[in-house]
Amino acid sequence: MTSNHGRVLRAAAMTLTGLMALSGCAVSQPSAPDDVNSLQQLPDTTASSEAEGGNTRLTGLNRVTTSNERLHMYAAHLELKDHPQISRATRESVTASIDAFLADHQDALDEDVTAKPELNINSQAASADPSVLGVSQQIYEFAGASGANSYRTQWFDVQQDREIPTGELFSSSEAWDHVRQMLAEQANSKAGIDLESVTDLPEEATDDVQFTTSGDLQVQVDEYLIAPGSEGTIVLQLDAGRIDGLLSDLGRAAQGSVVEHDAAPTPEPVPGTSESDSATPEEEQQQNTPAQVPDASQVDCREAKCVALTFDDGPGASTGYLLDSLKKEGVPATFFVVGPNAQARPQLLRRMQAEGHQIGNHTFSHRSLPALASSEVAKELLRTDEAISSATGYSSTLVRPPYGAHNKDVDRIVTSPLILWDVDTLDWKHRNTNKTISTAMDEVRPGSIILMHDIHASTVAAVPGLIRQLKDKGYTPVRVDQLFAHSKLSAGKAYYRGEHPAS
Ligand code: NI
């Protein structure tokens, strides 16, 4: 495939909307807006967030994750509280890519092919200022033969709640043209690139304008756009001095927020969004009240009918409500968290820890691990281990590979057991509370590991009913470590079901 494959598909997506409605695909619209709506009906106690660091004071950024286990699709985008147009634009940007991907791979996905197509979209705040917001997307798309990364950054006027063309970061259209000319000249100094003028520079080549910590302007130009694919992604950079005087007020604010932000002693780039980490002492105290979860030593899963509730891809905007429910029911669970979501909501990880739940590693970028080089697999796991331990002080001892996908190479690198599942609620697909419960109840057996996703409000809403029905059938919900309390788990080995009475 070519790198602008995704872009072409995105353009085609609009005409495919009707087709997608017939396809029954989980993540195509309109299912996602329903989920978002149902989230908005919940009181907003966990969704408030704040771009961290420096003097940036943009509040209300919220990371929203969509995933589809069967189709190897994972997408995170940022929404801004009380800014419906901005939130719609960021959401539509990823859903257009998702719909196009699903439409393109519909046939292949129904078959059990070894090299699954994959779509992975990660978003992070490039600039976050009360006047201007930049949201960068890194899109990885694998079409069954080769994969490609592409990059884009959307810019928003926060006060006016609207998306702006990149050119509005500059003082005039002439200033923007001048910047594009300088970018074209710099591109020409690289191997295999021959651009006569700014008019030779495709629009897409400058759809990823960002600012660096030193105030320089940087653009990542996707593969194949202006150079042979062998050159890969082309990075162009203009020193701060060269764009001085060319920026608009919004552009200066965008540039300033990055420089100011990174002046703060924060080693990592802003991980998408970051929830305000300033819980009051009372809140911390309340959150750390010991949970009413059963003592692990009280349950012997070789005798009792145990079941492990596991939640992937979070923590999300409704995970706080899930923790409330679990606490009320006195039930522990296991959360397989994704690194950026853990970084964005560290206080939820602390709550999980304090309330007796277990936290496992679901990688950083949610990429299908068999597609990655060994060093990348290790990095995916390490970065999320660090996010978990920096939030909680504890190390994760469990890994759940995205999509349950692993191979011998992955098994060799992973230093924890791989916890898969034997009951898939397909909650990501139907987003239906009753169906989540009935699927789980139909398939559960002693020792089961049930797969759910706490990024969906429909799943969070299903949990109290599911717990009641499980208890009615004599099940004891336990954490994964409790489910394997008498087993010696091996690193790199996959487990689908835990201890259970001999039958
Ligand atoms: Ni997942």
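**Exercise 1.** Which residue in E5 is the bridge partner of Ile 139? Place the pair in its strands.

*Solution.* The model is predicted.
- Step 1. The partner of Ile 139 in E5 is Ser 150.
- Step 2. E4 and E5 (residues 147-157) pair antiparallel, over 11 bridges.
- Step 3. Turn to the other neighbour. Ile 139 in E4 stands opposite Ile 121.
- Step 4. Asn 120 has Tyr 140 in E4 as its bridge partner.
- Step 5. E3 (residues 118-128) and E4 (residues 132-142) run antiparallel, joined by 10 bridges.

**Exercise 2.** Describe the two hairpins around E4, then its burial.

*Solution.*
- Step 1. The hairpin of E3 and E4 has 3 residues between the strands.
- Step 2. The hairpin of E4 and E5 has 4 residues between the strands, and Gly 144 there takes a positive phi near 110°.
- Step 3. Buried means under 20% relative accessible area. Of the 11 residues of E4, 10 are buried, so the rest of the structure largely encloses this strand.

**Exercise 3.** What is the strand order of the open sheet, and which strands stand at the edges?

*Solution.*
- Step 1. The order of the 6 strands is E1-E2-E3-E4-E5-E6, with mixed pairing.
- Step 2. E1 (61-68) and E6 (162-164) each have a single partner strand, so one side of each lacks a neighbour in the sheet.
- Step 3. The twist averages 30° from one strand to the next.

**Exercise 4.** Classify the packing of H10 against H11.

*Solution.*
- Step 1. H10 (residues 346-354) and H11 (residues 374-392) pack at about 70°, with axes 8 Å apart.
- Step 2. Angles of 65 to 115 degrees count as roughly perpendicular. H10 and H11 are therefore roughly perpendicular.
- Step 3. Pro 346, Leu 349, Arg 350 and Gln 353 of H10 meet Ile 388, Ala 391 and Thr 392 of H11.
- Step 4. The contact has 4 nonpolar, 2 polar and 1 charged residues.

Terms used: Residues numbered from 1 in each chain as written. Predicted model: local features only at pLDDT ≥ 70, side-chain atom pairs only at ≥ 80, totals over all residues. Heavy atoms only, no water. Pairing = 2+ DSSP bridges. Axes fitted to C-alpha atoms, helices over the stretch in contact; angles between N-to-C directions. Parallel < 35°, antiparallel > 145°, perpendicular 65-115°, else oblique. Contact = heavy atoms within 4.5 Å. Nonpolar A, V, L, I, M, F, W, Y, C, P; charged D, E, K, R; others polar. Buried < 20%, exposed > 50% of the residue type's maximum accessible area, 1.4 Å probe, protein only.
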